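The exercises below ask for a careful reading of one model, and each is followed by a solution that goes step by step.

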Amino acid sequence: MNQSRTLLNPDVVIVGAGVAGIYMLHKLKNMGLTTVVLEKSDELGGTWNWNRYPGARCDIPSLEYSYQFDEGLQQDWNWSEKYSGQPEILEYLNHVADRFDLRKDISFEEEVLEAKFNEESSLWKIKTNKENYESKFCIFATGCLSVPNKPDIEGLDNFEGQLLSTSYWPREEVDLSNKNVAIIGTGSSSIQTIPEIAKEIKNLYVFQRTPNYSIPSNNGPMDKEVEADIKSRYAEFRKENWSSGFGIASDTGEAFISESDINEVNGQLEENWKSNGLGFFGGYADIPVDPNANEVAADFVRNKIKEIVKDPETAEKLIPKYHIGGKRLCVDTGYFETFNRENVYLIDLHSNPINRIGESSIEADKEYDIDTLILATGFDAMTGALTSLDIVGRNGIILRDQWKQGAKSYLGLGISNFPNLFTITGPGSPSVLSNMMPSIEQHVNWITDCIGWMIDNNKSVIESSLAAEEEWMDLVNEIAGMTIFKSTESWYNGSNIDNKAKAFLPFIGVPVYAEKLEEITSNNYQGFIFDVSNK
Ligand code: NA7
């Protein structure tokens, strides 16, 4: 795949060739910096390369989940559906790589094993499975949901049937017809997989630890009129999205449930249920912040589940009891309806935990004979890709150790003790609580400008100050404390992984974040320190 010899002393090493890595490469190349992207896989695409499970689809509308840096690109590319499926997004990312001639600077099947800052030379030494690099800057574009969480269940390693994972789905077609299949986990990935596979298999056993709220996507072919309208005013449309709390167009509710007539509220929630997808959560301004308003919206969805699922006992098990949106809200195509099929069974792990996995079975309330086991058990979110390898900063500090009590970062971009290292959509930025695509572009643009500013101002080393980082994470937590997110167990705060520090990591509020970023930048990168050789 690699078309040119890899440069071992580039100005910049970028880790990961997903949405973030390829755009970062494009920007740095345009600046004239020598840059290499190191990618573990033999294909680019990141999330959209790995997560190929049946039904994998983006739950942000296609016209929003796309790059905006190039007018020609956003005009030329035509999405076929309202919500794009994984194959089409991967095709798009490959198109972008070819269109901007990026492929030759990506080294595929090259995994970073260690990145170490040399305080004398102020260079990053990066060791991979193939080479050693030395670069001035090191940029982690490794994604927020890229290290899968493998459950610790007795017997899992001895399972002799077909073992699949939504996050590492095989590229070749998987024939599940006539199979007895178990799936563990009921997050977004599972909620998208279940309706697809239930149609073709013999029996499906769904092992649910926590039920999830899900809103119907009402996906369909792209409405050509809507597309033409948006394309005629794309810049303005993108700007509008930036002004909404989670950065998506449908999330625009300004009214408050607490101040509205309940019949009107129910009518509006019905509208939002039918057309807003993820935007259901921001459909009223107080759903994310006021537990009482949240309960009204949650109850609305609970009633929908009761209406859709015919068996009352199954419906009851599928009804979430926590705040809606506190865990990542899901968007589906026929998820709850699937439980009306005769070949689909729901096993509630709270009443019947999995005792063990046998060679060809899974045992909870009883023993289920299975041919295939699908793990849809999520990720070590937001920090996994940065703590699963040795990133060594000043004084030999390993990032994993620095973050033992919870990840801290300044703006989700820089980390104290780790000079000239940038993270794209790192902890402390809106990332997973925003539309990832524009948030990635925002960070890539910022990093590019920052490096440009350093060159113009004769600065060679940048790092965030400990004080700025502490203050920033206090703000992240203060804002989260004003919402329903903090009181819900979720992967936003590390609750899904045993022994992971419980710390809330995303910055809530796309417009506020953008304002702060702008303010800090125009204040000569306030909170960052430059050219400190020995701290
Ligand atoms: P998620 O949303 O983290 O879902 C993982 C699911 O797996 C969730 O239901 C977990 O239950 C469950 N889980 C995790 N570990 C176990 C064990 N040990 N036993 C049983 N069940 C378990 O990941 P997804 O891949 O579905 O979605 C990730 C994001 O991708 C998604 O939000 C979009 O942004 C795209 P829990 O809720 O932790 O009790």
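**Exercise 1.** In which loop is serine 217 found, and is serine 217 buried or exposed?

*Solution.* The model is a predicted one. Begin with the secondary structure: serine 217 sits in the loop that runs between strand S11 (214-216) and helix H6 (224-232). Next take the relative accessible area, which is 4% for serine 217; because buried means under 20%, this residue counts as buried.

**Exercise 2.** Determine which residues serine 217 is in contact with, leaving aside its neighbours within four places in sequence.

*Solution.* With those neighbours left aside, the contacts of serine 217 are Lys82, Tyr83, Val331, Asp332 and Thr333. Then look for a polar contact of the side chain: that of serine 217 makes one with the side chain of threonine 333, at 3.2 Å.

**Exercise 3.** Describe the surroundings of the ligand, going from the shell of residues to single atom pairs and then to the buried area.

*Solution.* First, the ligand is surrounded by 19 residues, and the closest are Ser189, Arg209, Thr210, Lys327 and Arg328. Sorted by character, the shell holds seven nonpolar, nine polar and three charged residues.

Second, turn to the oxygen atoms of the ligand. One lies 2.9 Å from a backbone N or O atom of threonine 186, an oxygen atom is 3.2 Å from a polar backbone atom of alanine 376, and for arginine 328 an N or O atom of the side chain is 3.3 Å from a ligand oxygen atom.

Third, consider the area: the ligand taken alone exposes 780 Å², of which the protein buries 85%.

Conventions. Residues are numbered from 1 along each chain as its sequence is written. This is a predicted model: local features need pLDDT of at least 70, side-chain atom pairs count only at pLDDT 80 or more; totals for chains, interfaces and linings use all residues. Side-chain values use heavy atoms; hydrogens and water are left out. A residue is near a molecule or strand if one of its heavy atoms lies within 4 Å of it. A polar contact is a pair of N or O atoms within 3.5 Å; within protein, one must be able to donate a hydrogen and the other to accept it, and residues adjacent in sequence count only if both atoms are side-chain atoms. Accessible areas come from the Shrake-Rupley method with a 1.4 Å probe; for residues, only the protein chains shown count as cover. Ala, Val, Leu, Ile, Met, Phe, Trp, Tyr, Cys and Pro count as nonpolar, Asp, Glu, Lys and Arg as charged, and the others, Gly among them, as polar. Helices (H or I, at least four residues) and strands (E, at least two) are DSSP runs, numbered from the N terminus. Buried means under 20% relative accessible area, exposed over 50%, partly exposed in between (1.4 Å probe, protein chains only). Contact means heavy atoms within 4.5 Å.
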